[in-house]
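Reader: Before I trust any labels here, I'd like to hear how each one was earned. Can you walk me through the structure?

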Amino acid sequence: MQLKFDWLIVLENLRRGIMVTDVTLEGPAGPRIIYVNRAWLKMTGYDRGELAGKTPRILQGKHTDRAVVSGLRQKLLNREQFHGQTWNYRKNGEPFLMNWYCYAIYGDRPKPIYYVAEQEDVTEIESLRMKQRLMINPHDADAQAFFAVLKDWKPRKQVG
Ligand SMILES: Cc1cc2nc3c(=O)[nH]c(=O)nc-3n(C[C@H](O)[C@H](O)[C@H](O)COP(=O)(O)O)c2cc1C
């Protein structure tokens, strides 16, 4: 057994996005982001420095499903684990389908000390699935709605 274990290097190099927040679920300021790993920064386009005092709501936008995110809140309050998918947005406004697990981390006491999320962008795999659905039924409403969200986005022009 190795004595010195560098857990930060491991977190920083995981393939999935990892986000850790405090446990304040009440009010617009919480939960506050404490840590995100490199895969998370790459997925969202944010820099570490701009996340101070921010909440995961920075990822939400027009097509984010309120029922999914309220469901997360309820699960955490009930001390259950959450798994769900909804549209989130990168820093540049590009929508992507976020798939994530979220749960509490407990220390020695019965109260949670952190909330943790394992997050991944599943837009590509979902696009393939939705394309197949359209081949079977070109009028598939869910598949049409999926591609409408992606088409809705136009990259902003870079200045300079
Ligand atoms: C650890 C953690 C990770 C979260 N990650 C996301 C996320 O990736 N996308 C998202 O839309 N909401 C995410 N949320 C949910 C929002 O932070 C917020 O809790 C949710 O919108 C419910 O609160 P509200 O009803 O006050 O908005 C996360 C919450 C926690 C605690």
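Author: Sure, starting with pairing: two strands pair if DSSP finds at least two bridges between them. Strands are DSSP runs of E with at least two residues, helices are runs of H or I with at least four, and both are numbered from the N terminus. This is a predicted model, where local features need pLDDT of at least 70 and side-chain atom pairs count only at pLDDT 80 or more, while totals for chains, interfaces and linings use all residues. Residues are numbered from 1 along each chain as its sequence is written.

Reader: What makes β1 and β5 a pair?

Author: DSSP needs at least two bridges, and 5 join β1 to β5, so they pair, running antiparallel. One example is Gly17, whose bridge partner in β5 is Gln119.

Reader: How do you know that β4 pairs with β5?

Author: By the bridge count again: 9 bridges join these antiparallel strands. Tyr101 partners Glu118, and Tyr106 partners Pro112. A hairpin joins the two strands through 5 residues.

Reader: And what makes β3 and β4 a pair?

Author: They share 8 bridges and run antiparallel, with Trp87 opposite Leu97 in β4. Their hairpin has 5 residues between the strands, and Gly93 in the turn has a positive phi of about 95°.

Reader: Why are Pro56 and Tyr115 counted around the ligand?

Author: A residue is near a molecule if its C-beta atom, placed from the backbone, lies within 6 Å of it. The ligand has 22 residues around it, and the closest include Pro56 and Tyr115, so they belong to that shell. β1, α3, β3, β4 and β5 each supply at least two shell residues.
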